[in-house]
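User: Please take a close look at one part of this model, the surroundings of its bound ligands, and describe them in one connected account. I would also like to know how far the model can be trusted there and how the chain is divided.

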Amino acid sequence: MKHWIIGLVAAVLALPGMAMAGQKATTIDELAQMFDSSRCKACHTEVYNQWSKSHHARSLMGVRGGLMLTPLAMEGMTPFSPDDPEDATIDTYPCFKCHLPQAITHAEDSVAVELTRALREGDSDKVGKLKITCIVCHNNKSIIHRKQLGEPEENVLYSSRNISDHPDSQFTSVKQSPVMKEALFCGQCHGVGVNLEFDNPVQCATIYGSYQHAYIPAGGSKTCQQCHLEPKQDGYMDHRMLPDWNDTELMSQRLAESVSLDVNTVGYEWLEAGGVLHSKVVVDTKIDSTAGHRIPDG
Ligand code: HEC
Ligand code: HEC
Ligand code: HEC
Ligand code: HEC
Ligand code: HEC
């Protein structure tokens, strides 16, 4: 009997990243562990290195480590802010819907309490453990029409093709996702407009709305993936998913190519009365871009 129990404990310890069905994390470390993708690096080194430089790999950190969730953690600063960190719940952070969707499905309120304390203390190392990892996109977010197609399976990763034996400790096969090639996949988090479902509506990213209502009706035909993951980087779909707003030099270079500014000016003098002249100028500015949506977003 004892041997059986020890065997079971050993088996559980041997599978650190395994998220059990229905199990919820009670600490930041547990939540980070459930979605930990560091073991993917051994075999998918290039993709992993690209992703680790992307905004998805620092989705609660803000631009240049600005910890943008801080106002929500501070007493009185937003309608969501708790007076005491102990009162924080998952609902304190409507931002999780897109910045950390696994918190909604896989975390207890105690994780929000710990996060609120970490934000108040400016503990970037702790906040930085939470990210949009490989598993979030290649499992949790890979099936959208769940009533028809069911939930993503626990031991399956999703991508563009079927692989019957995938050599990972938890995800032992890869199945074709019905949506990962579609713009809708990115639209799950990249926003259609104001999020009216919260007690206090919040608006953040709206690029998927702009893509659907402006780019596609005007004859646009590319998907987000075709512009942001291609051309391939080091032979793989580019998981840097540029832009990277922490890299000013790269961004000035890219925006110089993708945003055009056309300025026409006409100068004239207005004769108000005999001998009374006023100098006037008309400036007609047209800003355009090669993007599949408005820039800047929001
Ligand atoms: C022990 C090595 C190994 C580990 C660990 C591993 N993979 Fe893989 N993975 C592979 C191999 C080999 C393939 C098949 C590649 C091929 O046939 O080109 C693959 C295929 C894939 C594919 C499908 C690629 C496609 O072409 O559609 C995805 C997605 C993927 N892995 C994601 C992951 C993620 C996420 C992790 C971490 C949770 C992971 N893998 C861990 C070896 C590994
Ligand atoms: C509908 C999904 C969604 C919700 C809800 C959401 N965000 Fe965002 N947010 C995004 C996406 C996607 C980006 C990056 C793309 C962009 O800016 O278009 C982003 C970017 C940001 C940025 C700019 C980039 C950065 O990291 O500094 C800030 C700041 C931000 N969000 C804060 C918040 C806060 C705070 C909340 C909660 C009150 C929130 N967001 C809620 C999806 C969302
Ligand atoms: C699970 C939600 C989620 C999914 C799915 C997702 N994103 Fe994001 N994405 C975000 C969030 C949140 C940010 C902003 C992170 C931050 O605050 O820095 C972001 C940032 C970005 C950025 C960096 C630009 C910026 O202003 O931050 C690009 C580009 C991007 N995403 C493209 C894509 C594309 C293309 C897809 C689909 C292949 C996709 N994303 C799928 C949530 C998501
Ligand atoms: C923001 C969502 C997102 C994240 C995070 C993400 N991926 Fe992907 N991944 C995609 C999409 C979208 C594709 C392209 C699917 C397609 O077009 O078929 C893709 C494709 C791939 C492929 C196939 C590459 C190729 O060139 O054929 C592999 C392998 C892969 N991802 C592994 C990973 C690994 C490993 C991580 C973490 C280090 C990761 N992905 C993180 C969205 C994501
Ligand atoms: C026709 C090509 C194209 C398509 C389609 C496209 N994008 Fe973009 N996107 C761009 C360009 C160009 C930029 C400007 C920045 C750059 O050049 O890196 C940009 C910028 C962005 C940014 C940063 C905007 C900001 O203000 O912070 C995000 C986020 C983004 N795209 C996500 C998406 C998502 C999600 C989709 C699909 C719904 C999508 N893009 C479709 C070309 C495209």
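Analyst: Domain bounds, as used here, come from an automatic or database domain assignment. On that basis the protein, which is a predicted model, is divided into domain 1, covering residues 16–246, and domain 2, covering residues 258–289. The centres of domain 1 and domain 2, taken over C-alpha atoms, are separated by 46 Å.

As to confidence, the protein averages a pLDDT of 92, and 93% of the residues score at least 70. Residues 1–18 are another matter, since pLDDT stays under 50 over that stretch, for which the model has nine contacts beyond four places in sequence. Where pLDDT is low, the predicted coordinates should not be read in detail.

Turning to the ligands, ligand 3 is surrounded by 22 residues, and the closest of them are His 55, Cys 186, Cys 189, Cys 224 and His 228. The elements that give two or more residues to this shell are α5 (96–99), α9 (134–140), α11 (183–190) and α13 (224–228). The largest share, five residues, comes from α11. By class, the residues around ligand 3 divide into 12 nonpolar, eight polar and two charged.

Around ligand 5 there are 23 residues, of which Cys 224, Cys 227, Ala 291, Gly 292 and Pro 296 come nearest; Cys 224 is thus named among the closest residues for ligand 3 and also among the nearest for ligand 5. At least two residues of the shell around ligand 5 are supplied by each of α11, α12 (207–215), α13 and α14 (248–258). Here too α11 gives the most, with four residues. The shell around ligand 5 holds 13 nonpolar, seven polar and three charged residues.

Ligand 2, finally, has 19 residues around it, with Cys 95, Cys 98, Cys 204, Ala 205 and Asp 297 as the closest. For this ligand, α5 and α11 each supply at least two residues of the shell, and α5 gives the most, with three residues. The class composition of the shell around ligand 2 is 11 nonpolar, six polar and two charged residues.

Read together, the three shells have a helix in common: α11 is listed among the contributors of at least two residues for ligand 2 and for ligand 5, and α11 likewise appears in the list for ligand 3. Helix α13, in turn, is listed for ligand 3 and for ligand 5, while α5 is listed for ligand 3 and for ligand 2.

Notes
Residues are numbered from 1 along each chain as its sequence is written. Chains are lettered from A and ligands numbered from 1 in the order in which they are written. This is a predicted model: local features need pLDDT of at least 70, side-chain atom pairs count only at pLDDT 80 or more; totals for chains, interfaces and linings use all residues. A residue is near a molecule or strand if its C-beta atom, placed from the backbone, lies within 6 Å of it. Ala, Val, Leu, Ile, Met, Phe, Trp, Tyr, Cys and Pro count as nonpolar, Asp, Glu, Lys and Arg as charged, and the others, Gly among them, as polar. pLDDT is the predictor's confidence in each residue, from 0 to 100. Two residues are in contact if their C-beta atoms, placed from the backbone, lie within 7 Å.
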